[in-house]
Amino acid sequence: LGLRGLEDLPAVVCGHSRGGGMALVHAAETQNELGQTHSLVEGGPARGVGSAYRAVVAWAAIDSILRFSESRLQLWRHQGWLEVRHPILREGVRLAGSVLEAAEGARARLDILGACGRLRCPVLAVHAGADLAVPETALRNIAQAAGERGRFVPVDGADHVFGARHPLADPPPPHLCAAADATAAFLADLK
């Protein structure tokens, strides 16, 4: 796979929004049940303290896989689909009933805050201060669930994507730079 030579590099898993929540779940799942360290590359050295990753970075991450009110969940079940609108793109996505069934069936495995509590590596939760999709409490919950390994950093005024648009502007948006700077400082502290 071309991974040889990467074994000695510290691995960090990062994610944004739903990907941030899934990065936390994935990192917790890579820890073996005995709490021993192991490598991401077969035959490579162990990393971190009981984790395949040195750290997890979650930008504007969700703290729960099913972020809907009970009435919205009932509507989803009743009609077999649910329309979800993206707050920035203002586009709708229709979620099939099978998505709800899969999420409910894997609720224990996809428990994001539970995963944070099991992690043995540092966690950075970066909140976009003007995020219309993910509330500040979600990132605070993530940092708190990670205990002493959790760190919460707000980026005041940032929207859900930290000002990033495609194609990315040159220079990058200030909020995106602030999130990247906070991440770089967090990672530098891991040394």
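Start your tour at Pro-167, which sits in the loop between β6 (150-155) and α6 (174-188). Keep in mind that this is a predicted model. Show the backbone here: the peptide bond from His-166 to Pro-167 is cis, with omega near -5°.

Stay in that loop and select Pro-171, which is also found between β6 and α6. Asp-170 and Pro-171 are joined by a cis peptide bond too, with omega about 5°.

Now go back to Phe-162, in the loop between β6 and α6. Phe-162 isn't a glycine, yet its phi is positive, near 55°. Is Phe-162 buried or exposed? At 1% relative accessibility, Phe-162 counts as buried, because the cut-off for that is under 20%.

Phe-162 also leads you to the next stop, since it is one of the residues in contact with His-127. Select His-127, in strand β5. His-127 is buried, with a relative accessible area of 3%. What surrounds it? Leaving aside neighbours within four places in sequence, show Val-134, Pro-135, Glu-136, Leu-139, Phe-152, Val-153, Pro-154, Val-155 and Phe-162, which are in contact with His-127.

Next, pick helix α1, residues 18-30. Its 13 residues reach 18 Å from first C-alpha to last, close to the 18 Å expected at 1.5 Å a residue. Colour Gly-20, Gly-21, Ala-23, Leu-24, Val-25, Ala-27, Ala-28 and Thr-30, the buried residues of α1. What do they pack against? Bring up β1 (12-16), β2 (55-59), α4 (112-118), β5 (123-128) and α5 (136-145), and you have the elements that these buried residues meet.

From β2, move on to Ala-60, in the loop between β2 and α2. Here is another residue that is not a glycine but has a positive phi, about 45°. Ala-60 is buried, with a relative accessible area of 0%.

Carry on to α2 (residues 70-79) and add α3 (residues 97-105); their axes come within 9 Å and cross at roughly 125°. The two helices are therefore oblique to each other, and their crossing is left-handed. To see the contact, show Leu-73, Trp-76 and Arg-77 of α2 with Gly-97, Val-99, Leu-100 and Glu-104 of α3. Those contact residues divide into four nonpolar, one polar and two charged.

Finally, zoom out to the whole protein chain. There are six helices and six strands, and along the sequence they follow the pattern β-α-β-α-β-β-α-α-β-α-β-α. Of the 191 residues, 38% are buried. Among contacts with a separation of 6 or more, 69% are between residues 24 or more positions apart.

How values were computed: Residues numbered from 1 in each chain as written. Predicted model: local features only at pLDDT ≥ 70, side-chain atom pairs only at ≥ 80, totals over all residues. Heavy atoms only, no water. Helix = DSSP H or I, 4+ residues; strand = E, 2+ residues; numbered from the N terminus. Expected span 1.5 Å × (residues − 1). Buried < 20%, exposed > 50% of the residue type's maximum accessible area, 1.4 Å probe, protein only. Contact = heavy atoms within 4.5 Å. Axes fitted to C-alpha atoms, helices over the stretch in contact; angles between N-to-C directions. Parallel < 35°, antiparallel > 145°, perpendicular 65-115°, else oblique. Left-handed = near helix turned anticlockwise from the far one by under 90°. Nonpolar A, V, L, I, M, F, W, Y, C, P; charged D, E, K, R; others polar.
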